[in-house]
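Reader: Could you take me through one part of this model up close? I'd like to look at the nonpolar core and what is packed around it.

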Amino acid sequence: MPADICPFCNETTEKGTPTETACTICGKRFVTDKVCSKGHAVCLPCSSNADEMIRQICLKNDSKNPVEILERLMSLPQIPMHGPVHHRLVGSALLSAYRNSGGELDLEYALDDLKWRSSNVPGGACGEWGCCGAGVSAGMALGIILDNGPMEREKWPIPMRLTSRTLASISSVHGPRCCKRDSYFTMVEAIKFISENLSVDMELPEKIVCTRRSNNRQCIGSDCPFSDIGKD
Ligand SMILES: [Zn+2]
Ligand SMILES: [Zn+2]
């Protein structure tokens with residue numbers, strides 16, 4: 001029987017003796033035989049609520065690495081291989097890592113704001129608008145960080161400069177679309193841009209390697225820079 005994966009941190013969860021413990025997400029006590037190696041346990045109502053899991057993972061982690069946070073979010077069982085939820089995940093992971101890296105932010109408010117903003121970008125915007133939703137998710141996050149708006153003067157262009165870089169990077173390969181690939185491209189650009197412009201240094205993994213190729217029938221294989229095909 002395959003080991004379970006902790007829905008909060010992605011670590012392996014071994015089956016143990018049933019004991020009463022507090023849910024990592026909501027704090028309610030419940031009896032479980034599944035506690036991960038880092039001590040997390042998540043009750044059934046919480047693990048079934050993707051919206052709250054996204055929020056709580058972003059609020060309650062201390063990682064400075066937005067790709068690591070993004071992987072946790074993308075590993076939630078409710079998150080599909082592709083879909084507009086990625087427009088929320090990328091920016092949320094960035095906001096979380098930005099706060100954890102010393103960036104000034106009211107994270108709870110920022111995550112709610114980003115959830116609302118990203119809900120306005122439909123699936124397929126990459127092909128239909130010429131504007132990938134994962135790529136603009138970074139622009140939304142930076143807009144929130146800077147408290148930017150359409151009437152600002154000095155800071156007005158800054159999130160668009162970031163978005164122009166994420167979209168350039170995403171469009172450096174051919175389609176079909178892949179929400180994972182586009183999210184990784186975006187993260188690499190966003191981490192660099194925020195370091196250069198805001199002097200907040202988040203961590204970027206030495207190498208991003210996609211582990212979800214088998215779930216993607218349209219994977220472009222070795223043409224994707226994050227593919228493990230033919231690169232060892
Ligand atoms: Zn865990
Ligand atoms: Zn709970």
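Author: Here is a walk through the core, starting from the overall layout and ending at the tail of the chain.

Keep in mind that this is a predicted model. The chain has nine helices and three strands, and the strands all come before the helices: read from the N terminus, the order is β-β-β-α-α-α-α-α-α-α-α-α. The radius of gyration is 18 Å, close to the 17 Å that the globule rule gives for 232 residues, so the chain is as compact as a globular protein of that length. Along its principal axes, the C-alpha trace spans about 55 × 40 × 30 Å. Buried residues account for 38% of the 232 residues.

Now to the core itself. The largest nonpolar core has 56 residues, and those with the most contacts inside it are Leu-70, Ala-93, Leu-94, Leu-95 and Ala-141. Quite a list of helices feeds it: H2 (50-59), H3 (66-74), H4 (86-100), H5 (107-118), H7 (133-146), H8 (158-170) and H9 each supply at least two residues. H7 gives the most, with eight residues. Domain 1 (4-46) and domain 2 (50-223) both contribute residues, so this core lies between them.

For a feel of the packing, zoom in on Leu-94. Leaving out residues up to four places away in sequence, Leu-94 touches Pro-66, Ala-138, Ala-141 and Ala-190. One of those partners, Ala-141, is itself among the residues with the most contacts inside the core. Another, Pro-66, is one of the buried residues of H3.

That makes H3 a good next stop. Eight of the nine residues of H3 are buried, so this helix is largely enclosed by the rest of the structure. The buried ones are Pro-66, Val-67, Ile-69, Leu-70, Glu-71, Arg-72, Leu-73 and Met-74; notice that Glu-71 and Arg-72 are in that set too. What covers them includes H2, H4 and H9. Leu-70 also turns up among the core residues with the most contacts.

Then there is the strand end of the chain. The domain assignment gives domain 1 as 4-46 and domain 2 as 50-223, and their C-alpha centres lie 28 Å apart. Where they meet, seven residues of domain 1 are in contact with eight residues of domain 2. On the domain 1 side, the touching residues divide into six nonpolar, one polar and no charged.

The three strands form an open sheet in the order E1-E2-E3, with antiparallel pairing. E1 (4-5) and E3 (29-36) are the edge strands, each pairing on one side only. E2 (residues 12-22) is joined to E3 by seven bridges, and Ala-22 has Arg-29 as its bridge partner in E3.

Stepping back to the chain as a whole, 58% of the contacts between residues at least 6 apart in sequence join residues at least 24 apart.

Last, the tail. Asp-228 lies in the segment after H9 (179-198). Why is Asp-228 partly exposed? The count of other C-beta atoms within 10 Å is 13 for Asp-228, and a residue needs 20 or more to be buried, while 12 or fewer would make it exposed. The C-alpha atoms of Asp-228 and Cys-210 are separated by 6.9 Å, with the two residues 18 apart along the chain.

Key: Residues are numbered from 1 along each chain as its sequence is written. Chains are lettered from A and ligands numbered from 1 in the order in which they are written. This is a predicted model: local features need pLDDT of at least 70, side-chain atom pairs count only at pLDDT 80 or more; totals for chains, interfaces and linings use all residues. Domain bounds come from an automatic or database domain assignment. Two residues are in contact if their C-beta atoms, placed from the backbone, lie within 7 Å. Ala, Val, Leu, Ile, Met, Phe, Trp, Tyr, Cys and Pro count as nonpolar, Asp, Glu, Lys and Arg as charged, and the others, Gly among them, as polar. Helices (H or I, at least four residues) and strands (E, at least two) are DSSP runs, numbered from the N terminus. A nonpolar core is a set of buried Ala, Val, Leu, Ile, Met, Phe, Trp, Tyr and Cys residues joined through C-beta atoms within 7 Å. The radius of gyration is taken over C-alpha atoms; the globule rule is 2.2 Å times the number of residues to the power 0.38. Two strands pair if DSSP finds at least two bridges between them.
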